[in-house]
Amino acid sequence: MAERSIDRAALFLLKKAAREGVETAWDRFEKQQPQCGFGQLGICCRNCNMGPCRIDPFGDGPQEGVCGATADTIAARNLLRMIAAGAAAHSDHGRDIITTVYAAACGEAQGYEIKDEEKLRALASEYGISWEGRSKEEVARELARAVMEEFGMVKGSVQFVKRAPEKRRAVWEKAGVLPRGIDREIVESMHRTHMGVDNDYVNLVLHGVRTSLSDGWGGSMVATEFSDVLFGTPQPVRGKSNLGVLKEDQVNIVLHGHEPTLSEMIALAAKDEELLALAREKGATGINVCGMCCTGNELLMRHGIPVAGNFLQQELAVITGAVEAMVVDIQCIMPALTKVAQCYHTKIISTSPKARFADALHIQFEEHNALEIAKKIVRVAVENFPNRKPSLVQIPEEEVEYVAGFSVEAILKALGGSLDPLLDAIKTGKIKGIVGIVGCNNPKHTHDHGHLNLTRELIKNDVLVVETGCAAIACAKAGLLLPEAAAEAGPGLRAVCESLEIPPVLHMGSCVDISRILVVAAAVANALGVDISDLPVAGAAPEWMSEKAVSIGTYVVGSGIFTVLGTVPPILGSKNLVELLTKGAQEVLGAVFAVEEDPFKAAILILDHLTAKRKALGLD
Ligand code: BF8
Ligand code: SF4
């Protein structure tokens, strides 16, 4: 069995867990072996009650379900459902953000305000909403209503697709994949995958592309843009990462999940004088708020709040014995947390009506009295401090600095206000290309191994890397998000980083913020007068696990960007589907997927791709 992690803090706590008889995802993963072969190949179906059906991958047994569905139909339907679930998760997050913007603009969301008026102005003009003689609240209300409509089917297509280069939009139109309403595509995915509707794997995949585009250029982009409106557009900020950010003498609150609406308020509540006094009364020297997973990314991007770790570290945080409360909302929260917490004193506090957990304390979050609720949650954590079992407290030492906060606006600012320095660096070959490395952890791979090795290989070869999500946290913990890390870069990239004082790996935010990467790609393509698919750019998800990652991968390829997956998607049971996604898509979308589990080999695939694209543009 491969090493579980390359992160020393993780390894330290895995030993502690073993000593204390606490199971983690790695143990449960082992117990699942061997995992179901039909599931791995994507050729089992339970879409109706004539089934469940499965296709024999060796050709000796049944090749059709009871209804006659083939491996192609079944695998493509399963894939489309994964895309739909991922797109739904991102977009429903976007919906909550826009709802909060509306409530804030109506004065009905305690503690929230329109923080970034400049961004609000830019978005209003993008939507053709006039600012003349109106308050920012009036404009925000009209804008929020217009965005809300996009979740349905009022317009021809979602607004932000207009940000894509003309050539890309033409590709989408020709393929019939321009996303209409955000919800509409997801609903249609569920419709098409119902028994006996869409049985053509190509048609199913095309709708998958459309659904995913409604996420990347729709729901996710809404979440990003309007989080900026509410909480401010990120600018470079320094902070600390890994489990060493937990403090032995303070009340530790870990915010885990995805929506910044609640976490922003808790960060605020933790500064409340009364609660700080209570903490001192209970024997703590302060209240330490840190983030985990994408909530962590949202907080560190805007405030430099420490980030305790990425996906596979959520249980480990509890295992330190030093966490008074882990506050969760939605997505990527392991149901196992409440069981692990029972071995320590940690309170798992769920807050979303959409995501409840057995044995968790539920304190429901509502935006109209958000600050009060946030204070209530912080109070629970503070009052839990005396329940710590000192003999069980062990915090690893690892605590590494990072610089995050590279929104598109921040990148432009670092470049001196225009894309030209970046374009020049690409043209002269100082920077060979730009690669987005994103996504999760997965116990199928050594924790963080894929992220770090792929990132290091690329920067060594003068590739500027942009990251989000758990990939970015992996690199933060390894010190790669510091300007000093330019020392690890090739000479061209190093010179660019040194002159601009930026790291060779730019942290662009949470997973919905991959929409920021799309905006950069579109801007570069527009500046060069080409399609995104012509650029020396690529995407990678070395350790992906979630359905959101499937939607992301699909909209990235759908946007014309070659993408390498580091864990095998469950589609290998259909040769036709594999062929379509790894070859056929080139002709329709100008990009394909590749699967490569070894990050060093993935780096070679990507570098070869960048070289070919540079050559086609006449850059070498
Ligand atoms: O949305 S990278 S494990 S935390 S799914 Fe989840 Fe994957 Fe992390 Fe953020 Ni994204
Ligand atoms: Fe079986 Fe077809 Fe029903 Fe799926 S939809 S469970 S393949 S009968």
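Helices (H or I, at least four residues) and strands (E, at least two) are DSSP runs, numbered from the N terminus. The model is predicted: local features need pLDDT of at least 70, side-chain atom pairs count only at pLDDT 80 or more, and totals for chains, interfaces and linings use all residues. Residues are numbered from 1 along each chain as its sequence is written, chains are lettered from A and ligands numbered from 1 in the order in which they are written, and side-chain values use heavy atoms, with hydrogens and water left out.

**Stop 1: two cis peptide bonds**

Select Pro34, in the loop between α2 (25-31) and α3 (37-41). The peptide bond that leads into Pro34 from Gln33 is cis, with omega near -10 degrees.

Move on to Pro52, in the loop between β1 (44-45) and β2 (53-54). Gly51 and Pro52 are joined by a cis peptide bond as well, and here omega is about 5 degrees. Most peptide bonds are trans.

**Stop 2: ligand 2**

Keep Gly51 selected and add ligand 2. Around ligand 2 there are 13 residues, and the closest are Cys45, Cys48, Gly51, Cys53 and Cys67; a residue is near a molecule or strand if one of its heavy atoms lies within 4 Å of it. By class, this shell divides into nine nonpolar, three polar and one charged. Ala, Val, Leu, Ile, Met, Phe, Trp, Tyr, Cys and Pro count as nonpolar, Asp, Glu, Lys and Arg as charged, and the others, Gly among them, as polar.

**Stop 3: ligand 1**

Now select ligand 1 and the residues around it: His258, Cys293, Cys294, Phe311, Cys332, Gly439, Cys440, Cys470, Cys511, Met545, Ser546 and Lys548. Eight of the residues in this shell are nonpolar, three polar and one charged.

Colour by domain, with bounds that come from an automatic or database domain assignment. Ligand 1 lies between domain 2 (243-392) and domain 3 (407-616), because both give residues to its shell.

Display distances from the ligand oxygens. An oxygen atom of ligand 1 is 2.7 Å from an N or O atom in the side chain of His258. For the side chain of Lys548, the distance from an N or O atom to an oxygen atom of ligand 1 is 2.9 Å.

Ligand 1 sits in the second largest cavity. A cavity is found on a 1 Å grid over the protein atoms alone, as a set of points where a 1.4 Å probe fits but cannot get out. A molecule sits in a cavity or pocket if more than half of its atoms lie within 2 Å of its grid points.

**Stop 4: two positive phi values**

Stay with Cys293 from the ligand 1 shell. Cys293 is in helix α12 (residues 293-303), and its phi is near 55 degrees, a positive value in a residue other than glycine. Most residues other than glycine have a negative phi. Cys293 has a relative accessible area of 2%, so it is buried; buried means under 20% relative accessible area, exposed over 50%, partly exposed in between (1.4 Å probe, protein chains only).

Go next to Glu501, in the loop between α20 (491-500) and β13 (505-507). Glu501 is not a glycine, yet it has a positive phi of about 55 degrees. With a relative accessible area of 66%, Glu501 is exposed.

**Stop 5: a side-chain pair**

Select Asn384, in helix α15 (residues 370-384). Asn384 counts as buried, at 2% relative accessibility. Its side chain makes a polar contact with the side chain of Asn387 (2.8 Å). A polar contact is a pair of N or O atoms within 3.5 Å; within protein, one must be able to donate a hydrogen and the other to accept it, and residues adjacent in sequence count only if both atoms are side-chain atoms.

**Stop 6: pairs of positions along the chain**

Show C-alpha atoms for the last selections.

- Ser574 is in the loop between β15 (563-565) and α23 (575-589) and counts as buried at 0% relative accessibility. Ser574 and Ile43 are 531 residues apart in sequence, and their C-alpha atoms are 7.7 Å apart in space.
- Ala425 is in helix α17 (residues 420-428) and is buried, with a relative accessible area of 4%. From Ala425 to Leu493, 68 residues apart along the chain, the C-alpha separation is 8.4 Å.
- Ala269 is in helix α10 (residues 260-269) and is buried, with a relative accessible area of 1%. Ala269 and His90 are 179 residues apart in sequence and 27 Å apart in space, C-alpha to C-alpha.

Conventions:
1 Å grid on protein atoms, 1.4 Å probe; cavity = no way out; pocket = protein on both sides within 12 Å on 5 of 7 lines; lining within 4 Å.
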